[in-house]
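Subject: Structure for you, with notes on aromatic contacts

Hello,

Please find the structure below. My notes on its aromatic rings follow.

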Amino acid sequence: MDFIKQKQVRFHSEEKRNVELYLEKNEAPLPMYKNPIPFQKSEGGGGVNRDKNHPRFGRSKVFPEGQRPEKSRILDPGSDLVLKWNRIFLFSCLMALFVDPLFFYLPSVLNQERSSCMRTNVDLGIIVTCFRTVADVFYLLHVVMKFRTAYVSPRSRVFGKGELVMDQHEIAVRYLKTEFLIDFIAALPLPQIVIWFILPAIRSSHADHTNNALVLIVFLQYIPRLYLIFPLSSQIIKAAGVVTQTAWAGAAYNLLLYMLASHVLGASWYLVSIERHATCWKSACGDEFNRTKCSLSYLDCGTLTHSDRAEWVNKTLVFTNCNPDNGTYFNYGMFGIAVANHVVSSGFVEKYFYCLWWGLQNLSSYGQGLTTSTFIGETLFAILIAMLGLVLFAHLIGNMQTYLQSMTVRLEEWRVKRRDTEEWMRHRQLPEGIQRRIRRFTQYKWFTTRGVDEETILRGLPTDLRRDIQRHLCLDLVRRVPFFSKMDDQLLDAICERLVSSLNTQGTYIVREGDPVAEMLFIIRGTLESSTTNGGRTGFFNSTTLRPADFCGEELLAWALLPRSTLNLPSSTRTVRALTEVEAFALRAEDLKFVANQFRRLHSKKLQHTFRYYSHHWRTWAACFVQAAWRRFKKRKLAKSLSLQESFSDEQLWEEKDELEREELEGENLGSSTTSTSHVKQNLGVTILASRFAANTRRGAQQKAKDVVDLPKFQKPEEPDFSVYHDEE
């Protein structure tokens, strides 16, 4: 018997997709099923040895971009968590860039009555070191985040999209090859090491408080820290669209960058001023060494209590020669103002704000007010100020103008449109009344929409999102309409999706009686007057007031529900005029016809009766019908009363005639006198006249009732023929 090698296939539910986690929780092996398919060997020739309990997966794991990774230890670069961290880290980078130049304010000058000395502000150094250490922690956390953030594989990009590489080893290798070096240099605590460990060990003299090594280290590390802001801002813009959410925040962000440049420039100016002052002291001390035995240690505040320094102070000319007012010995150039105004010897707060003002002033004026010496370092510093001021000030003004204009761009567009409208009205010589109506409508539209075109915004959104927005805006309003209150959500969504905004000012005629009805209006706010004259009928007028949640244009709904309606729009039976400013949603004729054709549930007897009950046209017709019926009833009642009166008069006439005949017979028999006969004849004549008057009165009442009935009737509204559809009920 031949045996066929069988391939083992595992089947598991959705909750067991992660095989590793499932095997950790369940020690029992997964259920195994046999599949009679011959085992196919790989092209290498041999079978693959696999662990029976732990299936082996490929090293490179990818994940579609824009979806969340399954493992929480690997972060999606487009997730909200990474976006929030990037914003926090951007703020910490700006704070770190503000903290680093504060190291330049550590050296200061202590002025006494006849001498001065140089010292290092230890308290300020401790505070700045603490803030700098906190900033370094954020840079280290950013390095850790980079090792845990997936990246989009360049090979899988199609039309700007790609797959996320989730393998931790590949993420680490890529990060080490690209951005790790810059992040590592930016995270090193170099200024702390230089100030507290290197400088005290290598300082040959206590007077050398301005060490160029500190300046070099701070500036070298400042460059990568400043560079990190730009790719970080690009990542935020890629994920969220903008760095800041509002125009004011964007303007403040650009102003903050400009103030940062002024802060760095002012701190550098202060440090160079201290350095130039110390250079002057050293030069003057060297010149008078043979005369006063000047030592550089005398320039340090640590030797204030030494007796030999007190003797040197009485004989030295160092402080006199290094006075900025004495320009013959040493030319301070642009740094003389810091020494002359005692900026180098002031407290930290005073010197900081003075240096910030100096940097802001010269950066904004491109260094035009600076007076430099022939020292080449000072000249290069002035050139740098002019170049940075030109570039940064232009960048600031451009961005500030962009952000501030974005706040008033709608207002400017409205002003331009209003000016064009005024010119057009003057050119066409429109009447003053029409011009006022145009101005009122333009102003009301701006007040309501603020220049935003809602239809354009909604048209650019996806269908599902547009449907949800329209449902939020219109569903409650549509459900207030009794005709639509009994419909299902699918039909209401179709109606809401096709509603558009409509604005009307006071006195505007929405539609006039006899004009084609192009749309139905569902009122949001405001009041309308709906009136009719029954086609211009003399003496007929019916009026009602429409308020929020009411609607008008029901003739269009009856037209749309007709099974075989014509292309001609129905004529309006009423005149609708706005009593106040009206904001409403409009449903156009073609949209209503589309909804009626797509949803046959709209053709229902129940909806037909509901429509008749709440329609103002049908209500007016019903009132006229009741009035006509009442008039017919009054006419029949009057005719019956007159008929009864006439029949009663006839009976009385015959009775009197019979009585007269009997009296005549009795008179003949009894021989009555002539006077009695004449009296009977007179009574008979009165009775005949009364009978004729009653007949004429009845004939006039009948003619009057006939005239009332023949008056033109109020036209019954056209109703759809629902007989071709099957009732749903």
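Ring pairs join Tyr105, Tyr270, Phe348, Tyr352 and Phe353 into a cluster. Please bear in mind that the model is predicted.

Within this cluster, I looked at the pair of Tyr352 and Phe353. Their ring centres are 5.3 Å apart and their planes stand at 75°, which is over 60, so the pair counts as edge-to-face. The two residues were also checked for burial. Tyr352 has 16% relative accessibility, which is under 20%, and therefore counts as buried. Phe353 has 51% relative accessibility, which is over 50%, so Phe353 counts as exposed.

For the structure as a whole, the count comes to 24 aromatic pairs. One of them is formed by Trp281 and Phe319, with 5.6 Å from centre to centre and 85° between the planes, again an edge-to-face arrangement. This pair connects distant parts of the chain: Trp281 belongs to helix α9 (residues 247-287) and Phe319 to helix α12 (residues 318-321), and the two are 38 residues apart. Both Trp281 and Phe319 are buried.

Next, charges over rings. Arg174 has its charged end over the ring of Tyr151, at 4.4 Å from the ring centre. Arg276 is placed over the face of Phe375, with 4.2 Å to the centre of that ring.

If you open the model, the Trp281 and Phe319 pair between helices α9 and α12 and the cluster that includes Tyr352 and Phe353 are the places I have described in most detail.

Regards

How values were computed:
Residues numbered from 1 in each chain as written. Predicted model: local features only at pLDDT ≥ 70, side-chain atom pairs only at ≥ 80, totals over all residues. Heavy atoms only, no water. Phe/Tyr/Trp six-rings, centres within 6.5 Å; stacked < 30°, edge-to-face > 60°. Helix = DSSP H or I, 4+ residues; strand = E, 2+ residues; numbered from the N terminus. Buried < 20%, exposed > 50% of the residue type's maximum accessible area, 1.4 Å probe, protein only. Lys NZ or Arg CZ within 6 Å of the ring centre and 35° of its normal.
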